[in-house]
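Q: Could you take a close look at one packing contact here and then walk outward from it to the rest of the chain? I'd enjoy a connected account that I can follow on screen.

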Amino acid sequence: MTLDFLGTLERTHMCGDLRAANDGQPVVLMGWVNRRRDHGNLIFLDVRDRTGITQIVLDKERGAAAHLKAESARPEFVVAAVGQVRLRDADLRNPKMPTGDIEVVATELLLLNDAKTPPFSPAEDAIANEEVRLKYRYLDLRRPEMQHNFRLRHEVARAIRNYLSDDGFLEIETPFMTRSTPEGARDYLVPSRVHAGEFYALPQSPQIFKQILMVSGFDKYFQIARCFRDEDLRADRQPEFTQIDLETTFPSQERIFRIVEGFLTAAFKAANITLQPPFVQMTYDEAIRHYGIDKPDMRLPAMTDLTDTVTPDLRTQLKIEQALPILGFVIPSAGTLSGTQKRSLIEEIRTFFGETGLDFLDVARLKTNETFAPLAAAIADEMKPAEADLVVVITPKLGTPERWNYDPQWIYKKVGALRLELAKKFADKHGLFKQTGTAADYKFCWVTDFPMYEWDEEAKVWQAAHHPFTSPHEDDITSGRLVSDKGAVRALAYDIVLNGTELGSGSIRIHRKDVQAEIFRSLGMSDEEQKARFGFFLDALEYGTPPHGGIALGLDRIVMILAGATSLREVIAFPKTARAIDLMVDAPTPVSDQQLRDLSLRTVVRT
């Protein structure tokens with residue numbers, strides 16, 4: 001088989017562009033052979049590019065040379081077809097294809113490159129083996145589903161960039177090679193050849209640089225930034241990721257919220273979803289009390305506090321610990337269970353809680369008991385379930401562990417975790433999270449007033465719950481709680497959450513050197529360590545730093561949700577596996593001894 005050269009031939013249309021209105025037009029199409037069907041004197045090639053597929057007809061009577069070449073064509077061959085558009089016969093049209101009303105009758109066919117038989121066909125709808133997909137990523141990315149995901153990613157990023165630019169934000173790049181800063185995960189380190197024994201760090205975020213840009217008077221900054229974190233991976237994490245990063249001066253929280261809601265509305269419009277801001281707002285404490293988690297999935301009903309519904313006498317009779325919360329929740333449409341299924345579910349719930357001191361209260365059995373029937377009615381009145389809903393009520397058993405004394409939110413968090421676990425269990429059968437392609441699928445909320453510090457029980461120290469550049473509430477600064485009661489200090493921090501996934505975090509920043517130094521000290525950092533690690537930043541705060549704040553949202557996560565994907569790997573062109581390996585290029589790999597000597601390094605393998 002002899003391959004052809006492209007020469008001066010130019011493409012006139014993309015494969016997905018042609019419609020009935022193009023009937024009779026001469027065209028030149030180029031792309032990959034998606035499928036080939038040989039009917040003797042007629043050969044049909046479905047030719048694919050990133051816009052779609054067009055059927056090419058090679059008729060031996062109209063073009064013997066082109067037909068002969070088509071006999072050699074196989075899937076994934078690269079071809080160019082010169083011909084004329086014609087309408088298909090009415091009974092041969094394909095309503096499932098955008099180009100299904102037409103075909104191209106080719107008078108010339110160029111075979112521009114051949115192809116080995118691929119390990120899987122890009123024409124397949126789904127490929128089960130993800131490692132094979134990642135090893136042959138260049139083939140995987142040819143699949144229409146993946147092409148759609150990356151067109152969507154492009155449109156979303158463009159909409160965000162345009163919105164922020166129109167709102168007066170400047171796009172400014174910050175360094176990839178910087179110094180290590182505390183961001184909550186391990187840094188990727190880059191050894192310096194020029195400065196032997198010293199290292200740069202890849203940025204976990206542009207945090208300090210964007211704050212310095214505010215010191216510099218740029219007022220409104222944004223960047224679609226690449227960031228790096230050396231942490232364990234999961235479906236919604238990758239070691240390198242992209243975030244929508246912004247910062248502005250003289251902001252209120254509400255101003256930040258309006259900016260984010262604006263660019264998210266523009267981004268979702270690019271995916272044909274019309275959002276209706278403003279989004280719901282709740283404090284961290286409210287999120288824990290109503291949902292048991294600081295990333296509430298509002299597609300499910302909130303938890304109901306039934307503490308006041310169960311009297312002390314009833315608690316005694318039902319062997320429920322006095323004074324601790326009683327919480328209930330509803331799983332929509334999941335209540336149509338047989339007796340055996342209900343007993344199995346109760347056992348599953350008790351296994352979930354283990355020895356925590358929490359138990360399941362069977363409301364259905366209460367209804368059949370004359371003494372407790374009024375309680376069942378009161379619970380139903382509080383929770384208002386539909387007849388087909390599953391009602392779950394969790395009570396603290398007598399002798400509940402003393403953990404309640406030092407972590408009063410743990411019951412809410414544990415019950416909230418069960419709520420999500422059961423929702424996932426029943427999701428497929430009852431369509432709990434079914435995508436309908438409308439704004440109703442997307443439940444946004446803002447969570448505010450996070451704790452400034454969290455207690456590390458193992459190390460017995462207070463740590464920054466977000467990052468140490470987050471400002472406390474003003475009254476927590478002036479009241480002295482920074483020193484006297486760290487557990488009560490609230491941060492001017494906020495998260496934007498969508499369907500139980502944290503899209504991004506932000507805060508109003510510390511803009512005064514005295515407050516920043518105090519926060520560093522409260523985290524156990526000496527004045528000498530502050531100067532060594534952040535001297536340049538503390539110095540900058542002394543030169544008229546304005547109040548400022550910002551946020552960073554994960555672009556990968558936004559596109560993943562819009563694409564209906566379950567993993568970030570579906571919307572990142574060249575992702576890593578769960579073991580942080582790039583299977584396509586086989587990275588990471590060892591380097592030569594000479595490269596190590598140039599960097600004044602040697603490797604020691606831990607066993």
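**A helix pair and its surroundings**

A: α16 passes α17 in a right-handed crossing. Please keep in mind from the start that this is a predicted model. Helix α16 runs over residues 513-522 and helix α17 over residues 527-540, and their axes come within 11 Å and cross at roughly 140 degrees. That angle makes α16 oblique to α17, because the roughly antiparallel class takes in only angles over 145 degrees.

To find the contact on screen, select Lys-513, Gln-516, Ala-517, Phe-520 and Arg-521 on the α16 side. Their partners in α17 are Asp-527, Gln-530, Phe-534, Phe-537 and Leu-538. Sorted by class, this contact between α16 and α17 holds five nonpolar, two polar and three charged residues.

Now for where this pair sits. The domain assignment gives domain 1 as 20-113, domain 2 as 147-282 + 445-570 and domain 3 as 300-432. Domain 2 is thus written as two segments, and the residues 513-522 of α16 and 527-540 of α17 lie in its 445-570 segment. The C-alpha centres of domain 2 and domain 3 are 37 Å apart.

Residue 445, where that second segment begins, deserves a pause. Cys-445 belongs to strand β16, residues 444-448. Its relative accessibility is 0%, so Cys-445 counts as buried. Setting aside neighbours within four places in sequence, Cys-445 touches Phe-279, Val-280, Met-282, Pro-296 and Met-298, as well as Asp-495, Ile-496 and Val-497. Lys-295 is 150 residues away from Cys-445 along the chain, yet their C-alpha atoms are separated by 8.8 Å.

Just before Phe-279 in the sequence you will meet a cis peptide bond, which joins Pro-277 and Pro-278 with omega at about 5 degrees. Pro-278 is in the loop between α6 (253-269) and β11 (280-283). Two of the Cys-445 contacts, Val-280 and Met-282, carry numbers inside the range of β11.

Follow the chain onward and you come to helix α7, residues 284-291, which packs against α13 at an angle of about 55 degrees with the axes 7 Å apart. That makes α7 oblique to α13. From α7, Tyr-284, Ile-288, Arg-289 and Tyr-291 meet Tyr-412, Lys-413, Gly-416 and Arg-419 of α13. The classes here come to four nonpolar, one polar and three charged residues.

Helix α13 (residues 410-430) has another partner, helix α9 (residues 339-353), and these two pack at about 140 degrees with their axes 11 Å apart. α9 is therefore oblique to α13, and the crossing is right-handed. On the α9 side, look for Leu-345, Glu-348, Ile-349, Phe-352 and Phe-353. Opposite them in α13 are Lys-414, Val-415, Ala-417, Leu-418, Glu-421, Leu-422, Lys-425 and Phe-426. By class, the contact of α9 with α13 has nine nonpolar, no polar and four charged residues. If you set it beside the pair we began with, note the two polar residues counted between α16 and α17 and the absence of polar ones between α9 and α13.

Past α17, there is some backbone detail to inspect in the loop between α18 (555-562) and α19 (593-598), where Pro-588 lies. The peptide bond from Ala-587 to Pro-588 is cis, with omega near 5 degrees. Ala-580 is also placed in the loop between α18 and α19, and it has a positive phi of about 60 degrees although it is not a glycine. With a relative accessible area of 25%, Ala-580 is partly exposed.

Compare that with Glu-76, in the loop between α1 (64-72) and β4 (78-87). Glu-76 is not a glycine either, and its phi is positive at about 75 degrees. Glu-76 counts as buried because its relative accessibility is 3%.

Finally, zoom out to the whole chain. It has 19 helices and 21 strands, and its C-alpha atoms fill a box of roughly 95 × 75 × 55 Å along the principal axes. Of its 607 residues, 45% count as buried. Among contacts with a separation of 6 or more, 68% are between residues 24 or more positions apart. The contact of Cys-445 with Met-282 is one you can pick out for yourself.

Terms used. Residues numbered from 1 in each chain as written. Predicted model: local features only at pLDDT ≥ 70, side-chain atom pairs only at ≥ 80, totals over all residues. Heavy atoms only, no water. Helix = DSSP H or I, 4+ residues; strand = E, 2+ residues; numbered from the N terminus. Buried < 20%, exposed > 50% of the residue type's maximum accessible area, 1.4 Å probe, protein only. Contact = heavy atoms within 4.5 Å. Axes fitted to C-alpha atoms, helices over the stretch in contact; angles between N-to-C directions. Parallel < 35°, antiparallel > 145°, perpendicular 65-115°, else oblique. Left-handed = near helix turned anticlockwise from the far one by under 90°. Nonpolar A, V, L, I, M, F, W, Y, C, P; charged D, E, K, R; others polar. Domains from an automatic or database assignment.
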